[in-house]
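Please look over the sequence and the model shown here before reading the report that follows. The text goes through the strands, the helices and the enclosed space in turn.

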Amino acid sequence: MKKKYNLKTQLSLNIALVALLTVALISVVSNVFINRQFEDYVVTRHRQRAESILADLNHQYDAAAEMWSMDFLHALGMQALYDGYIVKISSPQKEMLWDAENHDMSACMQVMENISRKMRERFPDTAGKFSVNNYDLKRNGKIIAQVSISYFSPYFYNDDDFRFLDALNVILAGSSVFSLLLAVLVGWILARHMSTPIRKTAEIAKQMSEGDYAIRMEEKTSIRELDELMNSVNQLAHSLSRQESLRKQMTADVAHELRTPLTNIATHIEAMMEGIWKPTPERLSSCHEEIERIGQLIRDLENLARVESGNFRLDKTQIDLVELAKKTLSSFEADIAAKNLNVSVDGACPDIPADRNRMRQVLVNLLSNAVKYTPPGGAIHVSLSETEGSVLLAVEDNGVGIPQEELPFIFERFYRADKSRNRLSGGSGIGLAVVKAIVTAHDGKVEVKSHFENGSRFLVTLPKTV
Ligand code: ADP
């Protein structure tokens, strides 16, 4: 298996590697470039030195007497020798006037040997060697001397040159090491900066997986993506904790919903069995109602399980929502009459492709809520309209309304606003979750607007075409 490094090591190593390559590249390029420039400079300097020897000689020649100052030739030749140039001067008649080798053979040998050794030591591949350059020294077109200057060609470095190159190399190596260390340090700080929040996020995710949903990331970083990651983890923790409390609440609710009718039935039947009560049709019908309540709860749960399971299929046909709304509303006639509610359906919209039974379920749930949460004498208004690509179904009531802080949760399973009120009204917090699942499966959306004690408005938007 591939070896895994932690983020800090990985980042530091990568940054150090990039820095190393960059520094190496810059060093090599600058070294090659500077060396080449320096070589050119030294070659030019040698040529200029030879030219200056010739110019000095020419200058010193006494044309009238056709004579040379021997002292000068000697001084010039020795000076040139110590600079690495071996000079020979002869007259046009090939008569030797001054010869460095004749004058001081051992000094010449030493100079040649020194230069060759240093150059070969430093540049083992050098093809350089001492070579002779012959010049005719002329004045007014007449040859006054023949001069031979030999030096290590194409170029050689003197001690100052070597010192300059050494200093240059030290500076390059020093700045390379310094930039490398700096890169490693910066890389390490950067990596630490990034890895700490990531590691903490991972720890928090682990704690969450072990059931601790109360934990949150409090830290802030200067990196947007990391902040987003930490926010997402916090949101995940928040939503898991909400799911968890809904699940716990649901267990308690279901137990309560089942216990109340079951206790009632048990008390009734025991009393009848012991002969305390006579099994009158009213008492039997009361038991039947309780059994019906249990049945309804089980049906609600089954319904939710079905629509929330990924594999429920829609049986789409073209349906008329206005007609469906009117028909559904008529099934609430008895409750509407009992509460003396003022109900109206208006508006128009084209037929849309939808699963008739499921859409009926949506309408039943929205209307039953409206009926349930609207006090006697209130009003329920269903309206249908269309926009360019969608149809809109609004179910509005002027009932008890939903507190603002509860609005984001009411479409969640088992969520019931104002628990005490809902227990009395018999709701189990499943209806709107079913509505949302069905509408979403139709590629639509459902929204709610409500003010506490001021009525609610549920708006379902469905696409006109498949
Ligand atoms: P329930 O079975 O409790 O009605 P729902 O999922 O249908 O469950 O609704 C969730 C909660 O939303 C309800 O408990 C209720 O508090 C609130 N609610 C839904 N519809 C309305 C409405 N028309 N007016 C006031 N509150 C409503």
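## The hairpin and its sheet

Strands β3 and β4 form a hairpin with two residues between them, and N140 in that turn has a positive phi of about 50°. The model is a predicted one, in which local features need pLDDT of at least 70 and side-chain atom pairs count only at pLDDT 80 or more, while totals for chains, interfaces and linings use all residues. Residues are numbered from 1 along each chain as its sequence is written, and side-chain values use heavy atoms, with hydrogens and water left out. Helices (H or I, at least four residues) and strands (E, at least two) are DSSP runs, numbered from the N terminus, and two strands pair if DSSP finds at least two bridges between them.

The pairing of β3 with β4 (residues 142-153) is antiparallel and extends over eleven bridges. Along this pair, F130 stands opposite F152 in β4, and S131 has Y151 of β4 as its bridge partner. On β4 there is also a pairing with β1, again antiparallel, joined by five bridges, where K88 stands opposite S148 of β4.

Taken together, four strands make up an open sheet with antiparallel pairing, in the order β2-β1-β4-β3. Its edges are β2 (96-99) and β3 (129-139), each of which pairs on one side only. From one strand to the next, the twist averages 15°. (Axes are lines fitted to C-alpha atoms, for helices over the stretch in contact, and angles run from 0 to 180 degrees between N-to-C directions.) Helix α2 (residues 70-82) lies across β1 (86-90) and β2, and runs at about 35° to β2; contact here means heavy atoms within 4.5 Å.

How enclosed is β4 by the rest of the structure? Nine of its twelve residues are buried, so β4 is largely enclosed, where buried means under 20% relative accessible area, exposed over 50%, and partly exposed in between (1.4 Å probe, protein chains only).

## Three single residues

The table sets out three polar or charged side chains by element and accessibility, with Asp, Glu, Lys and Arg counted as charged, Ala, Val, Leu, Ile, Met, Phe, Trp, Tyr, Cys and Pro as nonpolar, and the others, Gly among them, as polar.

| Residue | Element | Relative accessibility |
|---|---|---|
| D161 | helix α5 (residues 159-209) | 5%, buried |
| N365 | helix α10 (residues 356-372) | 10%, buried |
| S344 | strand β6 (residues 342-347) | 31%, partly exposed |

Leaving aside neighbours within four places in sequence, D161 is in contact with F38, V42, R45 and F156. With residues up to four places away likewise not counted, N365 touches G431, V434 and V435. On the same basis, S344 touches I380, H381 and V382. The C-alpha atoms of S344 and A379 are separated by 8.2 Å, although these residues are 35 apart along the chain.

## Helix α12 and strand β7

In helix α12 (residues 431-441), the buried residues include L432, A433, V434, V435, A437, I438 and V439. Their cover includes α7 (281-308), α10, β10 (445-450) and β11. Just after α12, D443 takes a positive phi of about 60°.

Strand β7 is covered on both faces, with I352 and A354 buried on one side and P353 and D355 buried on the other. Four bridges join β7 to β5 (residues 316-319) in an antiparallel pairing, and K316 stands opposite D355 of β7.

## Enclosed space

A cavity is a set of points, on a 1 Å grid over the protein atoms alone, where a 1.4 Å probe fits but cannot get out, and its lining residues have an atom within 4 Å of a point. Grid points are joined across faces, edges and corners, and a volume is the space filled by probe spheres set on the points.

How many cavities of 30 Å³ or more are there? The count comes to two, and the largest holds about 50 Å³ of space. Its lining consists of K316, I352, P353, A354, H442, D443, L462, P463, T465 and V466. By class, these are six nonpolar, two polar and two charged residues. Both β7 (352-355) and β11 (456-463) supply at least two residues of this lining, and β7 gives the largest share, with three residues.

How values were computed:
On a 1 Å grid over the protein atoms alone, a cavity is a set of points where a 1.4 Å probe fits but cannot get out, and a pocket is an open set with protein on both sides within 12 Å along at least five of seven lines; lining residues have an atom within 4 Å of a point.
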